[in-house]
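Here are my notes on the model, point by point. Please read them with the structure open.

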Amino acid sequence: LRYDLKISFYDAAFGKETEIEVPKVLICEVCHGTGATPGTYPNQCPNCKGTGQVTRSQGFFTISTTCGKCHGEGKVIPNPCKECRGYGKVRKSKKIQIKIPPGVDNGSKLRIRGEGEEGEMGGSPGDLFVFIYVEPHDFFTRDGDNIVCQIPISFTQAALGAEIEVPTLNGEKIIKISKGTESGEIFKIKGEGFPKLRSYGRGDQIVQV
């Protein structure tokens, strides 16, 4: 199964635990997947004798086809379960707790084992893949593990130098503007970027004046 999840810029940076509701096919809780009314059981198909196929001879050839009465199941249900109407499964929504790791980006994919659709014929259930979409931020943009922002300064601050406050994901930080700074110049705040998703450390914050 696939589930698309939209998160904020801050949630992508710091991670988040959240609950999602996924529509999926589940084993019927009334009949426990048998498809029969509780207390009754499916019967062997009288048409194919439980094989799911019927054979007929045509000259020198023997042809096998899917049984039309049981549709290949090999069994028939005389008293179908009222909850699932004999299918043994029902479509419902299931609430699932997931943990989004810090540092995810657009297109990041989380795999939750065993939370996909129920397997056929008693097989294991599939997996759930959660695709992440990060909402844009009004002030910050992302470049890999770095965070980029632009800060306006006055002509006097650029010419004489100054100390200015810069917003970061962790609050205000002070950076020093050197004398003679020109428009478009870059300053770096170490370790104020996104966590590196598959390694240690964090990116930096790039400040363009």
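1. The lining of the largest pocket is mixed in character: seven residues are nonpolar, nine are polar and seven are charged. The lining has 23 residues in total. Which of them lie closest to the pocket centre? They are E73, K75, G86, Y87 and G88. The volume of this pocket comes to about 660 Å³. Keep in mind that the model is predicted.

2. Two loop residues have unusual backbone angles to check. H71 has a positive phi, near 60°, and is not a glycine. H71 sits in the loop between β5 (61–66) and β6 (75–76). R85 also has a phi near 60°, again positive in a residue other than glycine. The loop that holds R85 runs between β6 and β7 (89–100). As background, a negative phi is what most residues other than glycine have.

3. Are these two side chains buried or exposed? H71 has a relative accessibility of 63%, so H71 counts as exposed. R85 is exposed too, because its relative accessible area is 69%. The cut-off used here for exposed is over 50%.

4. Now the aromatic rings. The count of aromatic pairs in the model is four. F9 and F140 make a stacked pair, with 6.4 Å from centre to centre and 15° between the planes. Why does this pair tie together separate parts of the chain? F9 belongs to helix α1 (residues 9–14) and F140 to the loop between β9 (128–134) and β10, so the pair joins parts that are 131 residues apart in sequence. Both F9 and F140 are buried.

5. F9 has another partner, F194. This pair is edge-to-face, at 5.2 Å centre to centre and 90° between the planes. The pair links distant parts of the chain, 185 residues apart: F9 is in helix α1, and F194 is in the loop between β14 and β15. Buried means under 20% relative accessible area. F9 is at 7%, so F9 is buried. F194 is at 0%, so F194 is buried as well. Taken together, ring pairs join F9, F139, F140 and F194 into a cluster.

6. Next, an open sheet. Its four strands come in the order β10-β11-β15-β14, and the pairing is mixed. Which strands are at the edges? They are β10 (141–143) and β14 (186–189), each of which pairs on one side only. From one strand to the next, the twist averages 30°.

7. Look at the β14 edge in detail. β14 pairs with strand β15 (residues 205–208) in the antiparallel sense, over four bridges. Within this pairing, K188 has I206 of β15 as its bridge partner. One face of β14 is covered and carries F187 and I189. The other face is uncovered and carries I186 and K188.

8. β8 gives a clear case of alternation. As a general rule, side chains in a regular strand alternate between the two faces of the sheet. In strand β8 (residues 109–112), L110 and I112 point to one face and are buried. K109 and R111 point to the other face and are not buried. How many bridges join β8 to β9? Four bridges do, and the two strands run antiparallel. Across from R111, in β9, stands F129.

9. One last residue, N146. N146 lies in strand β11 (residues 146–150). N146 is at 23% relative accessibility, so N146 counts as partly exposed. How far apart are N146 and K89 in sequence and in space? They are 57 residues apart in sequence and 47 Å apart in space, taken from C-alpha to C-alpha.

Technical notes. Residues are numbered from 1 along each chain as its sequence is written. This is a predicted model: local features need pLDDT of at least 70, side-chain atom pairs count only at pLDDT 80 or more; totals for chains, interfaces and linings use all residues. Side-chain values use heavy atoms; hydrogens and water are left out. Two strands pair if DSSP finds at least two bridges between them. Axes are lines fitted to C-alpha atoms, for helices over the stretch in contact, and angles run from 0 to 180 degrees between N-to-C directions. On a 1 Å grid over the protein atoms alone, a cavity is a set of points where a 1.4 Å probe fits but cannot get out, and a pocket is an open set with protein on both sides within 12 Å along at least five of seven lines; lining residues have an atom within 4 Å of a point. Grid points are joined across faces, edges and corners, and a volume is the space filled by probe spheres set on the points. Ala, Val, Leu, Ile, Met, Phe, Trp, Tyr, Cys and Pro count as nonpolar, Asp, Glu, Lys and Arg as charged, and the others, Gly among them, as polar. Buried means under 20% relative accessible area, exposed over 50%, partly exposed in between (1.4 Å probe, protein chains only). Rings of Phe, Tyr and Trp (its six-membered ring) pair if their centres lie within 6.5 Å; planes under 30 degrees apart count as stacked, over 60 as edge-to-face and the rest as tilted.
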